[in-house]
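Good morning, colleagues. I would ask you to look at the structure on the screen while I go through a few of its features.

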Amino acid sequence: MNPDTTARAADRGLPAVLWIGGPPGAGKTTVARLLARRHGLRQYHADARTWEHRDRAIAAGNRAAITWEALPGTARWSAPPDEMLAMSLHHERGPMIVDDLRTLPAAPLTIAEGTPVTPEVTGPGSHALWLLPTPEVQRARLAERKLAPGPLELFRLLAREIEAQVAAYGAGSLIIDGGMTVADAVAEVEAYFAALLAAGPVAATAPERARLLRYANRATVTQYLGFFARPWSPGDARSAVLEFSCECGRDDCAEQVRLALADFPPPPDTTSPPVLDPGHRAARAPDPAS
């Protein structure tokens, strides 16, 4: 680990962080999830804090956040581009991410990813990489999500905004083109962060990794509960089915488990059984809270 980088992170009150930024459709979450699993890292997924961050902005009197919350759904996505970008809280959420990371333990390493991760957020000299999909790749990946025109336009705006920031700062980037597979992207990002990954600290045992997986899964639960708590939310927490990381604690496992939100083990995690892929239930898995 670079001592200068460690000192700069400590000066900001941050643990050592591997940052991954990029627009929607870049593959940030998948890459971070696989690297966290393989190397025993804590995964911080900014999308899983969306509603918590919006609540903070509203409590602070942020006009764009208050306006967005009060508008009917169709009006949110028909606003002029500048207003839509402002209401996304793209710039305001960056400092909130830093505040979140300050509360985390120093060990193991944290891999933090999200669209609001910008060069201004990470600071100079940080271990940061931006995944920048080509327009064709982003278009194809966003088409798979079957987005409405409004969110689709916002995601394109964010791509242009992030690319401009990365270019202005001369920040590290990886172009995601049509020939790059997920495995290729993971390998490239792994090589980019190789020195920090080798220096650690990382979770070394299956129980430690299981606790980190529960941390990431619990953040997903909190995110969806925050969404369904909105008075305008069309969803229902009792019927929603989500994907969670298998909590078997194996570093070679990449399985995702579909589970009803209502069936996710309730806190406290000290007494909750692990969420396991059906193929891993035969063997005794580590307790994520043990």
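**Sheet and aromatic contacts**

Let me begin with one strand pairing. Strand β2 runs parallel to strand β3, residues 110–113, and 4 bridges join the two. Within that pairing, H45 has E113 of β3 as its bridge partner.

These strands belong to a wider arrangement. The sheet is open and has 5 strands, paired in parallel and ordered β2-β3-β1-β4-β5. At its edges are β2, residues 42–45, and β5, residues 173–176, each of which pairs on one side only. On average, and ignoring direction, neighbouring strands of this sheet are turned by 20 degrees against each other. I should state here that the model is a predicted one.

I turn now to the aromatic residues. How many aromatic pairs does a search of the whole structure find? The search gives 9. One of these is formed by W51 and F227, with 5.6 Å centre to centre and 40 degrees between the planes, which is a tilted pair. Because W51 lies in helix α3, residues 50–59, and F227 in helix α13, residues 206–228, this pair ties together parts that are 176 residues apart in sequence.

Is W51 buried or exposed? Its relative accessibility is 11%, and the limit for a buried residue is under 20%, so W51 counts as buried. W51 is also part of one aromatic cluster, together with W68, Y224, F227, F228 and W232.

Finally, two arginines lie over aromatic rings. R76 is over the face of W68, at 4.0 Å from the ring centre. R42 is over the face of Y215, at 4.6 Å from the ring centre.

Definitions and conventions:
Residues numbered from 1 in each chain as written. Predicted model: local features only at pLDDT ≥ 70, side-chain atom pairs only at ≥ 80, totals over all residues. Heavy atoms only, no water. Pairing = 2+ DSSP bridges. Helix = DSSP H or I, 4+ residues; strand = E, 2+ residues; numbered from the N terminus. Axes fitted to C-alpha atoms, helices over the stretch in contact; angles between N-to-C directions. Phe/Tyr/Trp six-rings, centres within 6.5 Å; stacked < 30°, edge-to-face > 60°. Buried < 20%, exposed > 50% of the residue type's maximum accessible area, 1.4 Å probe, protein only. Lys NZ or Arg CZ within 6 Å of the ring centre and 35° of its normal.
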